[in-house]
Amino acid sequence: MAQRFMLNETSYHGSGAIAEIPNEIKSRGFKKAFVASDPDLVKFGITAKVTDLLDAAEIPYEVYSDIKPNPTIENVKHGVEAFKASGADCIVAIGGGSSMDTSKAIGIIIANPEFEDVRSLEGTAATKNPCTPIIAVPTTAGTAAEVTINYVITDTERMRKFVCVDPHDMPIIAVVDPDMMATMPASLTAATGMDALTHAIEGYTTKGAWELSDMFHLKAIELISKSLRNAVAEAKSGAPGSGREGMALGQYIAGMGFSNVGLGIDHAMAHTLSAHYDTPHGVACAMLLPIAMEFNKPVVAERLANVAVAMGVDISGMTTDEAADAAIAAVRQLSEDVDIPKVCEAIKADELDQIADDALADACYPGNPREADHDTVVELFKKIMA
């Protein structure tokens, strides 16, 4: 069966890469940019690193910063109206997954107004037109939203997150500049980094994995495993180093893979935790990653053994099962080393049935290599209860 693999039209990587943004805007004939960035990035001058370049190039723009950490349906609707009022013809999305996801939803609805009811975008909506052109500038090393065909919106009324998967939402340009990530605090560096590792490991073990995606995921696991501790240390000290650069590339490579083959039960459960308890997405993924790996081990032990190798574990003399266990142990150790919590204090016993149902209904769950039932998911959630 033919496989389709989607990437950005253009991507720039490395320190100072944002300098290419004005050239791309001009060369593509765009007249005005809608700069979507979260309020903290605007407040602390991170967004200005890009808008200063637009000013110098005399490119008109309008800044939109009404972006929530977990973008909501209302957030998207407001953004659509703001874009229409701005007269812009492209979006420059600056930030983490929230800015990117909001921008993708806005861009899709602008180009496909029949989907203005945001809930209609859930799953794989039958949009017809590519979204408003997006130039994506990540400020975190984790979500890889700049290179994926996915975005996640929170339905506050129904207390759930829903995943949208649409090839039409792919940013046309990704600008992955580690200097834009320099102000991430250590806790965010750790959480987003573990999110990236989860992308790589889940993508490598998902039902849809194949040779091309394997290449990206194994390299991402290697880069993230050897870079994340240093990146967190750099965030604590404020000193530049190779960790942040390694994470910027590793998370992007992971995104190139999983966006094309899907994820699994870890992300399904993590989305549920964020929707119900506002648990930071990366923290939720990290707490659940070794648990999901253990659950899937009976059907992907050989692949988990390869994960161990990519993480730098010497598996000489180990059986396949032992090597798979070594991979799980290496993930637990990495989480501990970067101070990821082990439990979600907010989970209550009388809510377990509901969150298990929500996880099984999540769009990421069908990609999991092993089937789970309601009672099994309840037991998995119990493993991170206080």
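Helix α12, spanning residues 352-361, turns part of its surface inward: its buried residues are Leu352, Ile355, Ala356, Asp358 and Ala359. These residues lie on the same side of α12, because the arc they cover around the axis is only 165°. A general rule helps in reading such a pattern: an α-helix has 3.6 residues a turn, so residues three or four places apart point the same way. Which helices help cover the buried residues of α12? Among the elements that do so are α9 (265-277) and α13 (374-382).

All of this comes from a predicted model, so please read the values here as computed ones.

Stepping back to the whole protein chain, the secondary structure amounts to 13 helices and eight strands. How does the radius of gyration fit a compact globule, and what is its value? The protein chain has 20 Å, and this agrees with the value near 21 Å that a compact globule of 386 residues would have. The C-alpha trace spans about 60 × 45 × 45 Å along its principal axes.

Here are some overall figures for the protein chain:

| Property | Value |
|---|---|
| Residues that count as buried | 58% of 386 residues |
| Contacts between residues 24 or more positions apart | 77% of the contacts with a separation of 6 or more |
| Accessible surface | about 15,200 Å² |
| Part of that surface belonging to carbon and sulfur atoms | 52% |

Finally, a word on charge: the protein chain carries 30 positive and 54 negative charges, and the mean positions of these two sets are 1 Å apart.

Note on methods: Residues numbered from 1 in each chain as written. Predicted model: local features only at pLDDT ≥ 70, side-chain atom pairs only at ≥ 80, totals over all residues. Heavy atoms only, no water. Helix = DSSP H or I, 4+ residues; strand = E, 2+ residues; numbered from the N terminus. Rg over C-alpha atoms; globule rule 2.2 N^0.38 Å. Buried < 20%, exposed > 50% of the residue type's maximum accessible area, 1.4 Å probe, protein only. Contact = heavy atoms within 4.5 Å. Areas by Shrake-Rupley, 256 points an atom, 1.4 Å probe, with all protein chains shown as cover. Lys, Arg positive; Asp, Glu negative; His and termini not counted. Charge placed at Lys NZ, Arg CZ, Asp CG, Glu CD. Arc of directions from axis to C-beta.
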